[in-house]
Amino acid sequence: MTKLLNGERLDKYNEQIEHLRQQMIDTANSLGLNHPQVLNYSRKIDETHNLILKLEQGKLY
């Protein structure tokens with residue numbers, strides 16, 4: 001059961017990353033790559049990716 005829950009969480013995090021990535025791209029296209037909002041999206045993507053790695057390594061329950 002834990003693997004199923006982890007799989008569902010992975011799917012949720014992957015969807016979140018894709019959504020953030022698209023927002024980052026759209027913002028970068030309109031405001032420029034170095035805009036603070038673009039960097040904020042990048043940071044959120046990194047944080048979510050780190051959660052995925054921890055989940056895959058079994059460090060999150």
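Helices here are DSSP runs of H or I with at least four residues, numbered from the N terminus. That numbering gives H2 its name, and just after H2 comes Gly58, with a positive phi of about 80°. The model is predicted.

**Exercise 1. The whole chain**

Task: Find how many helices and strands the protein chain has, and state what share of its residues is buried.

Solution.
- Start with secondary structure. The protein chain holds two helices and zero strands.
- Turn to burial. Of the 61 residues, 21% are buried.
- Look at the surface. The accessible area is about 4700 Å², and carbon and sulfur atoms own 54% of that.
- Finish with contacts. Take those with a separation of 6 or more: 59% of them join residues 24 or more positions apart.

**Exercise 2. The length and face of H2**

Task: Check what span helix H2 should have, and work out where its buried residues lie around the axis.

Solution.
- H2 covers residues 36-56, which is 21 residues.
- The expected span is 1.5 Å times one less than the number of residues.
- That gives 30 Å, and the end C-alpha atoms are 30 Å apart, so the two agree.
- Now list the buried residues of H2: Val38, Tyr41, Ile45, Thr48, Ile52 and Leu55.
- Viewed down the axis, they fall within an arc of 100°, so they line one face of the helix.

**Exercise 3. The nonpolar core**

Task: Name the residues of the largest nonpolar core, and say which helices supply them.

Solution.
- The core has eight residues.
- They are Leu10, Tyr13, Ile17, Leu20, Tyr41, Ile45, Ile52 and Leu55.
- H1 and H2 each contribute at least two residues to this core.
- Follow one member, Tyr13. Beyond its neighbours within four places in sequence, Tyr13 contacts Thr48, Leu51, Ile52 and Leu55.

**Exercise 4. Two threonines**

Task: Decide whether Thr27 is buried or exposed, do likewise for Thr48, and list what each one touches.

Solution.
- Place Thr27 first. Thr27 sits in helix H1, residues 2-31.
- The cut-off for buried is under 20% relative accessible area. Thr27 is at 9%, so Thr27 counts as buried.
- A polar atom of the Thr27 side chain lies 2.8 Å from the backbone oxygen of Gln23.
- Leaving out residues up to four places away in sequence, Thr27 touches Gly32, Gln37, Val38 and Tyr41.
- Next comes Thr48, in helix H2.
- Its relative accessibility is 5%, so Thr48 is buried too.
- With neighbours within four places set aside, Thr48 contacts Tyr13, Gln16, Ile17 and Leu20.

**Exercise 5. Val38 and its surroundings**

Task: Find which residues Val38 contacts, and give its C-alpha separation from Thr27 and from Asp26.

Solution.
- Val38 belongs to helix H2.
- At 5% relative accessibility, Val38 is buried.
- Ignoring neighbours within four places in sequence, Val38 contacts Met24, Thr27, Ala28, Gly32 and Leu33.
- Take Thr27. It is 11 residues from Val38 along the chain, and the C-alpha atoms are 6.1 Å apart.
- Take Asp26, a residue of helix H1. Asp26 and Val38 are 12 residues apart in sequence, with 9.0 Å from C-alpha to C-alpha.
- Check exposure. Asp26 has a relative accessible area of 43%, so Asp26 is partly exposed.

**Exercise 6. Gln16 across the helices**

Task: Classify Gln16 by exposure, then give its C-alpha separation from Ile45.

Solution.
- Gln16 is part of helix H1.
- Partly exposed lies between the 20% and 50% cut-offs. Gln16 has a relative accessible area of 36%, so Gln16 is partly exposed.
- Gln16 and Ile45 are 29 residues apart in sequence. Their C-alpha atoms are 8.3 Å apart in space.
- Ile45 is one of the buried residues of H2, and it is also among the members of the largest nonpolar core.

Definitions and conventions:
Residues are numbered from 1 along each chain as its sequence is written. This is a predicted model: local features need pLDDT of at least 70, side-chain atom pairs count only at pLDDT 80 or more; totals for chains, interfaces and linings use all residues. Side-chain values use heavy atoms; hydrogens and water are left out. Buried means under 20% relative accessible area, exposed over 50%, partly exposed in between (1.4 Å probe, protein chains only). Contact means heavy atoms within 4.5 Å. Accessible areas come from the Shrake-Rupley method with a 1.4 Å probe; for residues, only the protein chains shown count as cover. The arc is that of the directions from the helix axis to the C-beta atoms. A polar contact is a pair of N or O atoms within 3.5 Å; within protein, one must be able to donate a hydrogen and the other to accept it, and residues adjacent in sequence count only if both atoms are side-chain atoms. A nonpolar core is a set of buried Ala, Val, Leu, Ile, Met, Phe, Trp, Tyr and Cys residues joined through side-chain atoms within 4.5 Å.
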